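Hi,

Here is the structure I promised to pass on. Have a look at it first, and then read on for what turned up when I went through it.

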Amino acid sequence: MNSAQSLKVGDFLNAHFACPICLKHERRVVSLIGRKRQALTTVICTSCGLVHSHPMPTRAELDAFYHRDYRVSYKSSFTPKLKHTLRYAPGAKQRVSDLLKHADDHQRTLLDIGSGSGEFLFMALQQGFKAEGIEPNAGYAEYTRTALHLPVEHTTLENAGFAPESYDIISLNHVLEHMPEPFDTLTRIHALLKPNGLLSIAVPDIAALSHAPQTRFHYAHVFNYNHATLKALLTKAGFDVVTECQGTSLIAKKQGVPNFEQIIEMTDNYELLWTQLVTQTPIKHYATAKPYRRLVKKAHQYAREWYVLRSHSDAKSILAALA
Ligand SMILES: [Zn+2]
């Protein structure tokens, strides 16, 4: 097997752990670079197309990374920027509306895992859910409790100590890509949900080509999903996808039981994703209209945000105006 230093894009190697979707070990190198141009080896499973960091960082290494990268948020004075609240609030409101379409009238207890700066929790409470959150980042947890008066506990899913079948609905928004043992995370969520409980989940879509290839891989995103791999992992963990979209923002229902031994092979997904990831080079990316359309969209967005923020001095008033 190659050492990490001598690997090239296209090389095959054996991972130390079985792929959580197909249980195979063979991987292929798709990238040697991460955001901010740091060295980061990313591989794809050749049997199903699941993409992940290589080697997989340990939990201790990830904790050390978060502590360095998000050190400002450990200070008590931490406050998210108002423009971020403004940016995330409409998506949070949409996710709550989507849940209302799929939840039964009696399904109202909701846990937001990784509640972040609180937009989703705020919108869920506004819509009548009995919602609460857990947040591993001390700064965010403190901010959402004191500035937004939201019921947030500073803890992790592993340490929270919830009783089984405590919630009708669980939200996991841009969290699973950070988890080094995603099947274990989904199994814990499965146990926390009541029968027929709903999971609202969103992760970045690695197949989305609107981002430049050199910003695609992030150290903290240890697994990278597309629609097929996210759906396969949910199926193994005992969930049925109930929304019919093709992206990586889904609602799933607790139906079966988790079964790690189930093997889901999707070689066509590997071939499709491999081709997409290695043929979308920076030169090709900038030769398309996508980055320029994105720039124009961003310019409009910044102008609109500047205009709206003139009339708001705190996050709670922004959220109340958008609810
Ligand atoms: Zn696999």
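Let me start with helix α3: the elements that cover its buried residues include α2, β5, β6, β8 and α10. Before I go further, bear in mind that this is a predicted model.

So how many residues of α3 are buried? The count is 7 of its 8, so the helix is mostly covered. The buried ones are E119, F120, L121, F122, M123, A124 and L125. After the helix comes G128, which has a positive phi near 95 degrees.

The seven-stranded sheet

This one is open, with 7 strands in the order β7-β6-β5-β8-β9-β12-β11 and mixed pairing. At its edges are β7 (152-153) and β11 (239-241), each of which pairs on one side only. Helix α3 (residues 119-126) packs on this sheet, where it touches β5 (109-113), β6 and β8 (167-173). The direction of α3 makes about 165 degrees with that of β6.

If you zoom in on the β7 edge, you will find β6 (residues 130-134) and β7 running parallel, joined by 2 bridges. G133 has V152 in β7 as its bridge partner.

The five-stranded sheet

There is another open sheet, with 5 strands in the order β1-β2-β3-β4-β10, and here the pairing is antiparallel. β1 (12-14) and β10 (223-224) are the edge strands; each has a single partner strand, so one side of each has no neighbour in the sheet.

I spent some time on β3 (residues 39-45), which is mostly covered, with 5 of its 7 residues buried. On one side, β3 pairs with β2 (residues 26-33) in the antiparallel sense over 5 bridges. Within that pairing, R28 stands opposite I44 in β3. The hairpin of β2 and β3 has 5 residues between the strands, and K36 there takes a positive phi near 60 degrees.

β3 also runs antiparallel to β4 (residues 51-53), with 3 bridges joining the two. In this case T42 stands opposite S53 in β4. The hairpin of β3 and β4 has 5 residues between the strands as well, and G49 takes a positive phi near 95 degrees.

Helix pairs

I looked at two of these. The axes of α2 (residues 82-102) and α10 (residues 315-322) come within 10 Å and cross at roughly 30 degrees. That angle is under 35 degrees, so α2 counts as roughly parallel to α10. The crossing of α2 past α10 is right-handed. Which residues meet there? From α2 they are L82, T85, L86, A89, P90 and K93, and from α10 they are A315, I318, L319 and L322. By class, that contact has 8 nonpolar, 1 polar and 1 charged residues.

The other pair is α5 (residues 182-192) and α6 (residues 227-236), whose axes are 9 Å apart and which pack at an angle of about 55 degrees. With that angle, α5 is oblique to α6. α5 passes α6 in a right-handed crossing. The residues that meet are P182, F183 and L186 in α5 and L233, L234 and K236 in α6. By class, this contact divides into 5 nonpolar, no polar and 1 charged.

The loop before α10

One last spot to check is D314, in the loop between α9 (290-309) and α10. Is D314 buried, exposed or partly exposed? D314 is partly exposed, because 13 other C-beta atoms lie within 10 Å, whereas a residue needs 20 or more to count as buried and 12 or fewer to count as exposed. The C-alpha atoms of D314 and L148 are separated by 9.5 Å, with the two residues 166 apart along the chain.

Over to you!

Best wishes

Terms used
Residues numbered from 1 in each chain as written. Predicted model: local features only at pLDDT ≥ 70, side-chain atom pairs only at ≥ 80, totals over all residues. Axes fitted to C-alpha atoms, helices over the stretch in contact; angles between N-to-C directions. Helix = DSSP H or I, 4+ residues; strand = E, 2+ residues; numbered from the N terminus. Parallel < 35°, antiparallel > 145°, perpendicular 65-115°, else oblique. Left-handed = near helix turned anticlockwise from the far one by under 90°. Contact = placed C-beta atoms within 7 Å. Nonpolar A, V, L, I, M, F, W, Y, C, P; charged D, E, K, R; others polar. Pairing = 2+ DSSP bridges.
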